Amino acid sequence: MTQIKTHYNRRSFIKVSAAAGGGMLIGFSWLNSCKPNSPELAAGVAVPNEWFEINGYIKIGDTGMVTIYSPNPEIGQNVRTSMPMIVAEELDVPWENVVVEQAPLNTGWYQNQFAGGSLSIRLSWNALRMAGATGRRMLLEAAAKEWGLTVNDLTADQGVIKEKNGERTISYGEIASKAVGIEVPKEVELKRPKDFTLIGTSVKNVDGKKIVKGEPLFGLDFQRDGMQLAMIQHPPAFGMTVKDFNEEEIKNMPGVKDAFIIDTTIKEPGGFDEKGFLKLIAIVGDSTWELMQAKKAIKANWETIGALENSKSHLQSLEKALVSGEVQESRKDGNPDAAFKKAAKVIERTYSAPFIAHNTLEPMNFFAHVTDDSAELIGPTQTPEALEGSVSKLLNMPIENITVYMTRIGGGFGRRLYVHFGVEAAAISKKIGGPVKLIYTREDDMTQGTYRPTYRSIYKAGLDENNNLIAFTVKGAGLPEGPVFPHRFPAGAVENYSAEKIKADTNVTTGAWRAPSSNFTAGAEQSFLDEVAELAGKDPIDFRLELFDRAIKNPVGEKYEYEAERYAGVLKLVKEKANWGENLPDVHRGVAAYFCHSTYVAEVFDIVMENSKPIIKKVWCAVDCGIVVNNDGAKNIMQGGVIDGIGHSMYSQLTFENGVPQQMNFDSYQLIRNSQAPKEIEVFFVENEIDPTGLGEPGLPPAMAALANALYKATGQRYYHQPFMSEKQVVG
Amino acid sequence: MTTFNLNINGQDRQIEVDPSTPMLWVLRDHFQLVGTKYGCGIAQCGACTIHLGDAAVRSCQLPVSAVGDQAVTTIEGLSENGDHPVQKAWLEVDVPQCGYCQAGQIMSASALLKQNPSPSDEEIDSAMNGNICRCGTYTRIKKAIKTASNSEKV
């Protein structure tokens, strides 16, 4: 068993228990109002008469029903199922007895309450295990005390404590009241991974039943008595601000209660305060449809305060940056210039990708109720703590007076790391002096900014007369950040190597978009390596494995940011599972592998031509994320990543004219649809006992390249510029 | 403002509202039936899919004045206890990621299966192409429709 020190002492425990208690009271008031996040009652256990709070994660009822608080926001990555699974494993309680509730923001008790960087499971693995193990230990101590024995005389399994040398048994529900008074242990024992009984199995989504019944779960569904609705109107173009508008006319429209301009400028904005427009027109009223009509009737004077950019100027900026732009980060090993001169073969290719929007299907929205001395915020946020901080700055109100509750979230992809819509809701609530729910239209959502940056990269490789890769360089520019990770693969595997990350300016606002930078870099680099392997006359998997072998045995330079064995491992696994190398008539195959967010993924795409159209028949996906918590849930998010990668490399783009986004809704902005998705995606995990890493992002990046490489085999055409559709290609 | 008599999920309901108001907002704002979702407002994403009679329609483009005496069914009224074969198949296959689009997906799928109990892959593609799943659960949606198609009578 692993001994692990508990992070908390009695004092912090008591402090946080009290806070969590307060949170629960609010939780119950939700039950009465509109029921988002109310617990799904467990099947086999009666509803308790009394609950006992063991710690901030665990509450046990007298019937043995266990409530586990899930600390992090749920954006579809399924942490509301997998995080409580980890607690339940160490607590040793049957999953059927567990109900899950969303924990409110509580920085005193929980750490890292955010959904981003595929970090939820990775950062909370120990804390969740500790919470479960601590609870188990306290229950055991309570039973030992009751029976006049020591903890060593007892065992706990599946919610029942047994005497080792005797007949007595007691359930968690029966002893819970006594466990509350037990001192929190300073050290607890964790299970060995091989003894896990719940982790590694497949547990269904805890919200599944509510989702298929259409129950209120999302921010947009939240309602409160006396609540008004609000909409905003932002300037039509980046580089513009609002001067004034036909305020009186709008106020007199049916259903409109108020209309005004809000300014959400705050002092010392943080990274998650990024937003397109600080000053906005706000309209408040009773019904969404009436507000939508009023919004259409707005006549505003927009003032130009910056450049009105367009897609053509963006491309010019990128091309210029690649020649003479500011290098943000770089790496150089050996002498690439000299190596290219003596190389037998040299290949150079340019790749690019447009701005894209997140387009969570649930548009931005938030509930806020601001009073003179408090602010309550409820809605879909990936970063509740950042929201709390920004609202505190906006209202000049102490953080202690602000509460943030998280609803289930209709898609994240990085969009809801940014907190402006919650801040705007708070500004509107303050102005009207009452509770309000702010709703964005799809058009507001798509034209507000916070986009994935646009990128352009030049890759160059040199082979010697024996077709060994002797030189590799990459220069990548982005608006506003370059898409290059200088120490990632193939750094460490090539004698003469250089990488330059270059920035260029834009006033279009950008943000983290699922697998930031990797969402382009993987596609470019892995497509390029496919072409280099072809030039070398080598199998693309063998070619990569040779490079990993070099990085393992005789690494170049001082460091590189990947474990070459694990990287090679996923390629070997996908090779085996897909029977790579087998001659399948009419099947055209492409492969790619990528490492980001601490997880290794390799994918093989099988394309067939039907009526001269490429169809993705099957995707094979091999993953090394360490221990897999929820097997089928993990497969689901990987499948989603693959489809998202296909969709955004194939179909999606946002273009600009005079600062105005040219795509505003799904009629002009194309997202992947059912018929364009692969027929089948099979996911395989490398089995090991390494602490788990995340899955929200790593499935997407390699899909872009595996698709391009398979399309090349199927059509004879290479794809360099996203969306590939603009290069006259359609899948499905 | 005009008064409309509607039949929603088997119940007679009355509402006074602007005739141009789409059913989406009548359901969400006036009847608190929020299972029907707003995604685009222009009938491109399918999140707002409901049944008008037996047909799947986009409620964001259906003015309340066009409903007349046709029966309206929303996700809340698809079954008594969430046990419609399509809902059961969705749970069995564990389709959802974020879950936001799934009510619309289920309404499209249940209308398809009512009309065509054994759809081919192409028929599924064509019936489901109007429903965007931003998380990319499409392979599971296809599998769940097959599962429901092979199960009891839809």
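In this predicted model, helix α3 of chain A, made of residues 120–147, lies across strands β2 and β3 of that chain. The helix doesn't line up with its neighbour: α3(A) runs at about 120° to β2(A). The strands beneath this helix belong to an open sheet of four, and walking across that sheet in chain A gives the order β2-β3-β4-β5. Pairing in the sheet is mixed. At the edges sit β2 (51–55) and β5 (98–102) of chain A, each of which pairs on one side only. From one strand to the next, the twist averages 25°.

Zooming in on one pair of this sheet, β3 (residues 58–61) and β4 (residues 66–70) of chain A are antiparallel and joined over three bridges. Within that pair, A:Ile58 has A:Ile68 of β4(A) as its bridge partner.

Chain A also has an open sheet of seven strands, and here the order reads β12-β13-β10-β20-β17-β18-β19. Again the pairing is mixed. The two edges are taken by β12 (256–263) and β19 (402–406) of chain A, each with pairing on one side only. On average, and ignoring direction, neighbouring strands of this sheet are turned by 25° against each other.

One pair to look at here is β10 (residues 228–233) with β13 (residues 279–285) of chain A, which run antiparallel over five bridges. Across this pair, A:Gln233 stands opposite A:Ile281 of β13(A). Two helices come into play as well. Helix α10 (residues 384–395) of chain A lies across β17 (365–370), β18 (375–379) and β19 of chain A, and its run makes about 145° with β19(A). Helix α11 (residues 420–432) of chain A packs on the sheet too, touching β10, β12, β13, β17, β18 and β20 (436–439) of chain A. The direction of α11(A) makes about 40° with that of β17(A).

How far can chain A be trusted? Its mean pLDDT is 93, and 93% of its residues reach 70 or more. There's a catch, though: over residues 4–38 of chain A, pLDDT stays under 50. The model does have 64 contacts beyond four places in sequence for that stretch. Still, where pLDDT is low, the predicted coordinates shouldn't be read in detail.

Next comes the meeting of the two chains. Here, 51 residues of chain A are in contact with 45 residues of chain B. On the chain A side, helices α5 (208–213), α7 (288–296) and α16 (631–650) each supply at least two residues. The most comes from α16(A), which gives eight residues to the side touching chain B. Sorted by class, that side of chain A has 17 nonpolar, 20 polar and 14 charged residues.

Chain B itself has five helices and five strands. Following the sequence, the pattern goes β-β-α-β-β-β-α-α-α-α. Its radius of gyration is 15 Å, close to the 15 Å that the globule rule gives for 154 residues, so chain B is as compact as a globular protein of that length. The C-alpha trace of chain B spans about 45 × 30 × 25 Å along its principal axes. Of the 154 residues in chain B, 58% count as buried. As for contacts in chain B with a separation of 6 or more, 60% of them are accounted for by residues 24 or more positions apart.

Key:
Residues are numbered from 1 along each chain as its sequence is written. Chains are lettered from A and ligands numbered from 1 in the order in which they are written. This is a predicted model: local features need pLDDT of at least 70, side-chain atom pairs count only at pLDDT 80 or more; totals for chains, interfaces and linings use all residues. Two strands pair if DSSP finds at least two bridges between them. Axes are lines fitted to C-alpha atoms, for helices over the stretch in contact, and angles run from 0 to 180 degrees between N-to-C directions. Two residues are in contact if their C-beta atoms, placed from the backbone, lie within 7 Å. Ala, Val, Leu, Ile, Met, Phe, Trp, Tyr, Cys and Pro count as nonpolar, Asp, Glu, Lys and Arg as charged, and the others, Gly among them, as polar. The radius of gyration is taken over C-alpha atoms; the globule rule is 2.2 Å times the number of residues to the power 0.38. A residue is buried if 20 or more other C-beta atoms lie within 10 Å of its own, exposed if 12 or fewer, and partly exposed in between; C-beta atoms are placed from the backbone. pLDDT is the predictor's confidence in each residue, from 0 to 100.
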